[in-house]
Amino acid sequence: MSNSNQLVSALNGIVGEPNVIRDPDQLKAYAVDGLAPKAVVNPGSVEEVSRLLAYANSEKLAVVPRGNGTKMAAGGIPRKLDLVLSMLRINRITEHDIPNLSLSVEAGITLSEVQKKLAGTGRGSFLPLDPPYSEQATIGGIIATNSSGPRRYLYSTARDLLLGLKAVSPNGDVVAFGGKTVKNVSGYDMTKLMIGSWGALGVITEITTKLLPLPEASATLLASFGDLAKAGSLTRKILHSVLLPSAMELMDGKAAGQLGEKAKYLVAFSLEGVGEAVDRQVAEIEEAAKSEGALDTRVLKRGDDRTFWIRVRDFALSSAAPIILRTNVVISKLPEILGRYETMARDAGIGCALIGRAGNGILTSYIRDSGAAQTGPVADLIGKFADEAAKHEGNLIVESSPHELKERVSVWGRPRSDYVVMRRLKETVDPGGVLNPGRFVGGV
Amino acid sequence: MEKDSMVGELVRLVGRENVLSSDMHFKLYEYDASLIRSKPDCIVLPTSTEQVSKVVKFAHDHKIPVIARGAGTNLSGGSVTVRGGIAIVLTKMNQILDMDIENLRVVVEPGVITLDLKNVLAKHGYLYQPDPASEKVTTIGGNFAENSGGPHCLKYGVTSNHVLGVELVLYDGQVVQVGGRALDNPGYDLMGVLGGSEGTLGIVTQAVLRIMPKAEAVKTMLCIYNSIEDGGNTVTAIIGEGIIPATLEMMDNLTIKAVEEAYHVGFPTDAAAILIIELDGLKDGMERLTERILDICRQNNVREIRVAKDQAERDKIWAGRKGAFGAVGRLRPNYLVNDGTVPRTRLPETLAKVVEIGKKYNLPIANVFHAGDGNLHPLILFDERDKDELKRVHAAAMEIMKTCVEMGGTISGEHGIGVEKIEGMSLIFSASDIAAMKKVKAAFDPLNLFNPGKLLPETERAA
């Protein structure tokens, strides 16, 4: 029997023939940076994931875990790719403890499905994460990539929400960390280590998270400015005030335009909570915006506000930007850096829309695809952006990019001194290089 | 290595004034706030990252265990040198290095006392949220190593949610930066696993903390109950109504009496339980929310409600809560505090079991708990000179841990595993889980020299 036949019969033996994709045409759709897998497997249980990884480990196969594939253009170019491990069949809600405000779900369910269930049960609750592509993105993918959205300003990110998780280690061991209590210091906090580990330390199979009651009221306020310094000044003022918006986004004219807003610079606020507090915050922020020199302020109509935030969240989809860069800097410098990026992109003649999380110091750049000829100039621009971020204790990662560009830039940004530990960690946990080899930080 | 030559070398590395090696000093540093005792071979008090790095490198080269220590308030034996070696006491590294208010960060050395920092921040109108009851004496380094909680973590999260970066000395003396002032640095969330790692992965020599503007309004309520079940049910009902206050703290009668005798804060000594509920945030809507909460209290047979009128009244209530361990400590020569945590809805049941366990082993148990978090602190009172009683204390503590696990909870919410609960690890983790944790340990500390004998059981027993 050839190696290939052995592989197929082993995979069929674990997940059953209907759950193994071998057709070359179909496999193309699962390629990562042009590299197609030998097979796609769709396990139906944690036990099958465990057996698949144990098999891959013994056969030195490279495995890429996958949900709905919304982030497959992210990460370094894989060193090797044998199997794509689809988690879509492992998708149950395993426990919804309403009085305790906690939820356990498996990796393959989409966030949107979870939110629908939560909103319609009991008094209504939600999982306070609003990452990009949340109609399609699976819980496993969101957690493995620590994906977040505008409302992280108030609700923070997965690391502050998750209570525990279950995963399968690269050697096939099934492991469980944390639990369902809101406080837990028993053993290492492996849950946090797994969040954002890009499937390189284990395949997340289930998570347990805190929930929040649905807010009583919400509103969205937009303030447009002709001058960046003034817009920046408004965000700074709110950041240091007693007010608590759930989102505060600062964007350039290109981004605003694509959202259908006419403004040179736009600051968008989301307010959520008890009715009285929402009303007062809208009034006070509106007043602050005017005193900072806003050209216009507007409260969005119910319905429009929801659409607006979905479009901000899923900006990559509507803008058809295949290159997405994510810069992190100290909070206070965000407006200034947005301005620098705007100038640099303009000088380079590259179309780039900018959206900044003004309360968190995260700036996302969306660059339009202008074909292979632009690869060089775009790579140069990314280098300049990264230099600017480094001046403010930040870094720049390439969140989505065509393959050609990845060969010319450092996808995970400038190396940091703690990479020495990260490399050792990957070598210790996954000595065979089974999971996502080459795709994460430092080529691990 | 000979003790004398070790001391000589360390003196050369950090200066005579920063090395302690007399019997009296060994006695002073042989304990923490747990029952565990063991003398270090040498004590150093470095004054800089460079000195810490040199000491760690020296220890690495000679395979000597090292243990970082702050104020020594650890409740699980985490700061005791159970395998001897060098105690690196970080209390001289106690400077606030940068008040970076503009970026909502402060950078501090590990020996900064938590409350000192908060007092400095308060002058600027800002707040560092974690508030362990021992904040008057504990250090930031210790808080991070143990991932300390506190009443307000119900709303704001525990220490590791507020420490965003550290300067870390690795096992071979190398110094690295993990995390930082900016969020979302690329790579594994090493900060996540360092928080609560009990000094077993590295030594923190600087920390970047998240601060936030002080809340506009605070409302503190003291709710008095004739039955502890009613208090517990109130907690469940408040959360069930979709209200998450800043704190939901509870105390039982034994604790109330001890606190009142010690501090005279005005707690009614005949009450079965009191609940301290605090709301914070914007003033708008707070009155309405308060009314909703008080309604829930009434539905659950509250006897009396006192709403603090001003800061002085608030301080008095909190002085009673934060002094609870100390006050209970006056009742008998020793106490052992359990730290089990359960899903908050299981609190009333768990509490009833704790009372039963106290009766079964004939031990007085005072209860203080972070009710909103489901985090219990049964304080088992005893006299360690009575060997039979001591045996019963350990048996009762194990049984309480088991009860918490059976309720779907865990063995430690905020005090750590240390030595004291190491036997309990197999109650919640499988051999594979512990093996995975050991890989993390091996990646950070391949020679097992950072705080050996803590947190991870040596043998992997299945649950």
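**A tour from helix 1 to the chain interface**

Begin by selecting A:G16, which lies just after helix 1 of chain A and takes a positive phi of about 90 degrees; helices here are DSSP runs of H or I with at least four residues, strands are runs of E with at least two, and both are numbered from the N terminus. The model on screen is predicted, so that local features need pLDDT of at least 70 and side-chain atom pairs count only at pLDDT 80 or more, while totals for chains, interfaces and linings use all residues. Residues are numbered from 1 along each chain as its sequence is written, and chains are lettered from A and ligands numbered from 1 in the order in which they are written.

**Helix 1**

Next select residues 3–15 of chain A, the 13 residues of helix 1, whose end C-alpha atoms are 18 Å apart, in agreement with the 18 Å expected at 1.5 Å a residue (the expected span being 1.5 Å times one less than the number of residues). Within helix 1 of chain A, show A:L7, A:L11 and A:V15, which are buried (20 or more other C-beta atoms within 10 Å of the residue's own, against 12 or fewer for exposed and partly exposed in between, with C-beta atoms placed from the backbone). Seen down the axis of helix 1 of chain A, the buried residues fall within an arc of 35 degrees, so they line one face of the helix; the arc is that of the directions from the helix axis to the C-beta atoms. On the other side of helix 1 of chain A, look for A:N5, A:Q6 and A:G13, which are exposed.

To see what the buried residues of helix 1 pack against, add strand 1 (20–21), strand 2 (39–41) and helix 3 (46–59) of chain A; contact means that the C-beta atoms of two residues, placed from the backbone, lie within 7 Å.

**The side of chain A that touches chain B**

Finally, bring in chain B, where 74 residues are in contact with 67 residues of chain A. On the side of chain A that touches chain B, the elements that each supply at least two residues include helix 7 (158–161), strand 9 (174–178) and helix 11 (275–291), but the largest share, eight residues, comes from helix 17 of chain A. Colouring this side of chain A by class gives 30 nonpolar, 22 polar and 15 charged residues, where Ala, Val, Leu, Ile, Met, Phe, Trp, Tyr, Cys and Pro count as nonpolar, Asp, Glu, Lys and Arg as charged, and the others, Gly among them, as polar.
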